[in-house]
Amino acid sequence: MPMKPPTANIDETRVHVSRPKKVAVGVPAVLHALQIANEQMGLKRSAETLLRVNQKDGFDCPGCAWPEEDKRHVAEFCENGAKAVAEEATVRRVGPEFFAAHSIEDLREGDDWWLGQQGRLTHPMVLDEGATRYRPISWDAALEMIADELRSLSHPDEAVFYTSGRTSNEAAFLYQLLVRGLGTNNLPDCSNMCHESSGSALTETIGIGKGTVSIEDVHEADLLIVAGQNPGTNHPRMLSALEKAKQRGARIIAVNPLPEAGLMRFENPQTPRGVAFGGTKLADRFVQIRSGGDQALFHAIGKHLLEAQDRDGDVLDTAFISAHTSGFESYRRQMADAGWAQLEEATGLSEHELRAIGDEVRASKATIVCWAMGLTQHKHSVPTLRDVVNVLLLQGNIGRPGAGVCPVRGHSNVQGDRTVGIYEKPADAFLDALDREFSFAAPRAHGFDTVAAIRAMRDDKVRFFMGMGGNFVSATPDTAVVEAGMARVGLTVHVSTKLNRSHVVTGRRALILPTLGRTDRDRRGGREQRVTVEDSMGAVHASRGRLAPPSDDMLSEVAIIARLCALVFAGGSSPQDAPAVHDGDHERTLPEHGTVEPEGLDTAGLHDPANVPQADWAALEADYALIRSHIERVIPGFEDFESRIQKGRTFFLPNGPRDERRFATIDGKARFTVNPLEYPHIPAGRLLLQTLRSHDQYNTTVYGKDDRYRGIHGGRRVVLVNAEDIRELGFVDGEIVDLVSEWTDADGQVEERRAESFRIVSYDTPRQNAAAYYPETNVLVPLESVADVSGTPTSKAVIVRLEHR
């Protein structure tokens with residue numbers, strides 16, 4: 001039988017530390033995954049559910065976005081995928097009786113682990129203004145409350161609509177249509193906090209904000225550079241692809257401040273070699289770089305390749321450079337002027353080590369660079385990624401087999417959500433197509449990204465917040481600012497499967513709308529529906545859950561949005577004939593918006609009640625294929641959408657650089673760029689902190705108390721620090737300290753933020769670098785500290801000092 005949910009938070013006094021692991025997965029991973037699954041689901045339900053994960057007739061894993069091969073294993077999931085499925089398919093329930101037993105103050109005392117472990121939400125709940133507890137509310141009343149709040153706004157930009165990467169293509173497409181029909185582009189999403197830097201750099205340099213490789217390319221690569229990424233924890237199925245590449249002769253370079261078990265040795269539990277013969281060594285070279293020194297590393301590689309070309313010739317792909325790129329000469333001159341001493345200082349590596357890496361790149365016939373948050377969450381992340389592209393362009397490693405850029409996305413449909421319109425800065429071509437399809441005029445003014453939305457909440461410019469999945473309060477930076485800003489919002493709405501911090505740090509009124517998950521059967525219009533997702537490599541496929549929903553009247557995300565669209569957009573054809581909305585007992589009129597202009601807002605985006613999308617919302621709720629037909633007509637690449645996902649088939653969306661070396665940049669060519677070298681300068685007595693996940697965690701969802709690969713057991717409030725730094729700073733291993741971040745604002749004033757009671761753990765990190773888990777350390781990340789161009793919070797570059805308690 002499944003275990004009952006915990007009754008207390010993690011006891012941080014019980015944390016203990018062992019030696020970090022040097023091998024990932026293996027039999028221990030299988031046993032741990034099965035233990036978690038049994039605790040949440042029970043034995044029979046675990047077997048029925050896990051055998052459908054990532055199968056062609058099953059459901060897409062709600063975890064990471066790593067793609068599947070066409071031929072599937074019987075067990076097509078990893079340890080952390082099994083945990084993600086178990087969390088969603090749990091038999092634990094959080095219904096009205098739970099909220100009756102727990103006041104909002106009680107719930108605020110729960111940590112992220114305790115909240116998530118309580119189970120699946122089953123009933124819409126409302127927290128009235130001034131109330132001490134949530135109470136049940138009907139679906140009709142809840143949706144009417146949202147519609148009323150939207151009608152009352154003085155300006156559509158007073159509303160913010162957040163999206164997590166779990167949302168399906170169908171739900172995301174309807175969601176962005178709702179938002180643009182209201183007259184705003186305030187569509188922040190989780191991409192703003194993770195791979196926005198990737199999209200910014202890649203769009204500018206190669207004309208598409210996505211990677212250019214397929215899973216087959218990974219298998220065929222000659223050299224894989226895995227930088228700022230920990231696949232053993234964050235994307236474990238990637239290890240199988242790396243293993244296959246190794247078996248075909250590839251070399252792997254791991255670039256990271258921390259040595260990670262998943263890039264050392266992989267024991268594949270689905271092969272005899274992995275179970276009985278020690279597995280496969282993955283990284284041929286571990287490059288222990290200083291945090292934030294990656295741009296300097298790619299400067300060094302580029303400089304080395306250019307010098308080798310001048311000396312020996314036949315190093316660069318000169319034909320590719322001539323035919324398909326621009327800006328080469330300017331880049332060449334910059335690299336000629338780069339000094340090795342500065343590159344050594346930035347990376348913490350010697351010139352000899354840097355040149356050795358350059359030699360490996362030189363020898364490669366096909367190179368892929370993979371990266372994740374370690375490269376995207378710095379002030380200079382976009383220049384860093386431009387320089388990644390520069391190095392690949394030198395040898396023509398874009399648009400040929402086994403080569404290219406590979407930003408490894410996190411949540412399982414975060415890339416698909418962006419493809420179908422979840423973006424605060426939409427392209428005109430997309431909006432033009434949307435207008436034609438739905439006979440309205442979508443707003444053109446750019447909306448709030450995540451950081452801008454938080455600033456607007458802080459400044460009392462947001463009256464309504466809706467989160468489609470996710471855990472906004474715990475996922476975002478500068479926790480105290482976020483919580484204070486959220487409290488100023490009139491109504492906060494969260495569409496969720498499970499309880500999280502965002503449900504207990506709310507606006508003056510709050511709604512929780514429970515929804516179906518990936519594992520749940522979605523029966524609408526008299527038949528079972530399926531949804532689609534896009535993986536990290538641009539492949540689209542269907543997903544269909546089979547479990548009975550947690551409650552009989554549970555709605556899908558699609559149904560929730562479609563019903564809200566019907567309420568908000570129902571009837572009416574002109575401002576003089578405002579649409580009437582019926583709730584069965586009375587009729588209300590949707591007033592014209594824009595009669596009061598909030599300070600600082602652009603009146604061009606004011607909502608005209610006659611200017612709303614035209615669609616049969618009830619039909620879209622009853623048949624998701626109709627939504628896909630709209631997507632097909634609006635977004636290039638989705639032609640014959642329905643037929644292409646039949647029988648479990650997967651299709652690739654167009655990718656100009658990959659498919660035909662076509663680059664949709666300002667000059668139609670792949671662009672070499674000149675990026676002045678940047679890297680962190682850490683004051684004496686201070687550390688540069690990076691926030692990261694434990695192994696028992698996915699994004700803000702905490703599965704358990706351990707991080708066994710790093711040797712942390714029973715707790716999460718730890719800070720990993722170099723042993724010499726511990727001694728020099730006057731501390732001892734195991735001491736409990738406060739972490740205090742220091743940020744100099746635009747006026748030159750130093751701001752401090754504090755995270756209390758962290759245990760120092762002596763760890764193999766570069767000098768003056770440290771690491772600790774989020775969301776506990778998000779409080780230390782200043783809201784104003786963001787990446788240039790992309791606006792991504794700099795969660796891998798927080799200046800901190802340690803204080804004795």
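Hi everyone, let's start with a pair of helices: H9 and H20, the latter covering residues 381-394, pack at an angle of about 45° with their axes 8 Å apart. Here, axes are lines fitted to C-alpha atoms, for helices over the stretch in contact, and angles run from 0 to 180 degrees between N-to-C directions. Helices (H or I, at least four residues) and strands (E, at least two) are DSSP runs, numbered from the N terminus.

Before going on, a word on the source: this is a predicted model, where local features need pLDDT of at least 70 and side-chain atom pairs count only at pLDDT 80 or more, while totals for chains, interfaces and linings use all residues. Residues are numbered from 1 along each chain as its sequence is written, and side-chain values use heavy atoms, with hydrogens and water left out.

Back to our pair. H9 and H20 are oblique to each other, because of the angle at which they pack; the classes are roughly parallel under 35 degrees, roughly antiparallel over 145, roughly perpendicular from 65 to 115, and oblique for the rest. The crossing of H9 over H20 is right-handed, where right-handed means that the near helix is turned clockwise from the far one by less than a right angle, and left-handed means anticlockwise. Who makes the contact, taken as heavy atoms within 4.5 Å? On the H9 side we have Ser197, Ser198, Ser200, Ala201, Leu202, Glu204, Thr205 and Ile206, and on the H20 side Ser381, Val382, Leu385, Arg386 and Val389. By class, that contact holds six nonpolar, five polar and two charged residues. For those classes, Ala, Val, Leu, Ile, Met, Phe, Trp, Tyr, Cys and Pro count as nonpolar, Asp, Glu, Lys and Arg as charged, and the others, Gly among them, as polar.

H9 also takes us to the pockets. On a 1 Å grid over the protein atoms alone, a pocket is an open set of points with protein on both sides within 12 Å along at least five of seven lines, a cavity is a set where a 1.4 Å probe fits but cannot get out, and lining residues have an atom within 4 Å of a point. Grid points are joined across faces, edges and corners, and a volume is the space filled by probe spheres set on the points.

The largest pocket holds about 1200 Å³ of space. Its lining has 36 residues, and Ile208, Gly209, Lys210, Arg418 and Ala427 lie nearest the centre. Which helix gives the largest share of that lining? H9 does, with five residues. At least two residues each come from H9 (196-206), H21 (414-419), H22 (428-438) and H30 (656-660). The lining of this largest pocket divides into 17 nonpolar, 12 polar and seven charged residues.

Now the second largest pocket, at about 750 Å³. It is lined by 34 residues, with His73, Ala75, Ser240, Asn268 and Gln270 nearest its centre. Helices H1 (26-41), H10 (215-220) and H12 (238-247) are the elements that give two or more residues to this lining, and H12 gives the most, with five. The classes here are 16 nonpolar, nine polar and nine charged.

There is enclosed space as well: the count comes to 10 cavities of 30 Å³ or more. The second largest cavity has a volume of about 230 Å³. It is lined by 18 residues, with Leu516, Gly517, Arg518, Asp522 and Val531 closest to its centre. Its lining has four nonpolar, seven polar and seven charged residues.

Next, please look at H8, which appears in two packings. Its first partner is H28: the axes of H8 (residues 169-182) and H28 (residues 624-634) come within 10 Å and cross at roughly 70°, so H8 and H28 are roughly perpendicular to each other. This crossing of H8 and H28 is left-handed. Asn169, Glu170, Phe173 and Leu174 of H8 meet Tyr624, Ile627, Arg628, His630, Ile631 and Val634 of H28.

H8 packs against H22 too, at an angle of about 85° with the axes 12 Å apart. In this contact, Phe173, Gln176, Leu177 and Arg180 of H8 face Phe430, Leu431, Leu434 and Phe438 of H22. That gives six nonpolar residues, one polar and one charged.

Two backbone details to finish. The peptide bond from Tyr774 to Pro775 is cis, with omega near 10°, and Pro775 sits in the loop between strands S34 (769-773) and S35 (798-804). Asn54, a residue other than glycine, has a positive phi near 60°, and Asn54 lies in the loop between helices H2 (43-50) and H3 (79-88).

Technical notes. Contact means heavy atoms within 4.5 Å.
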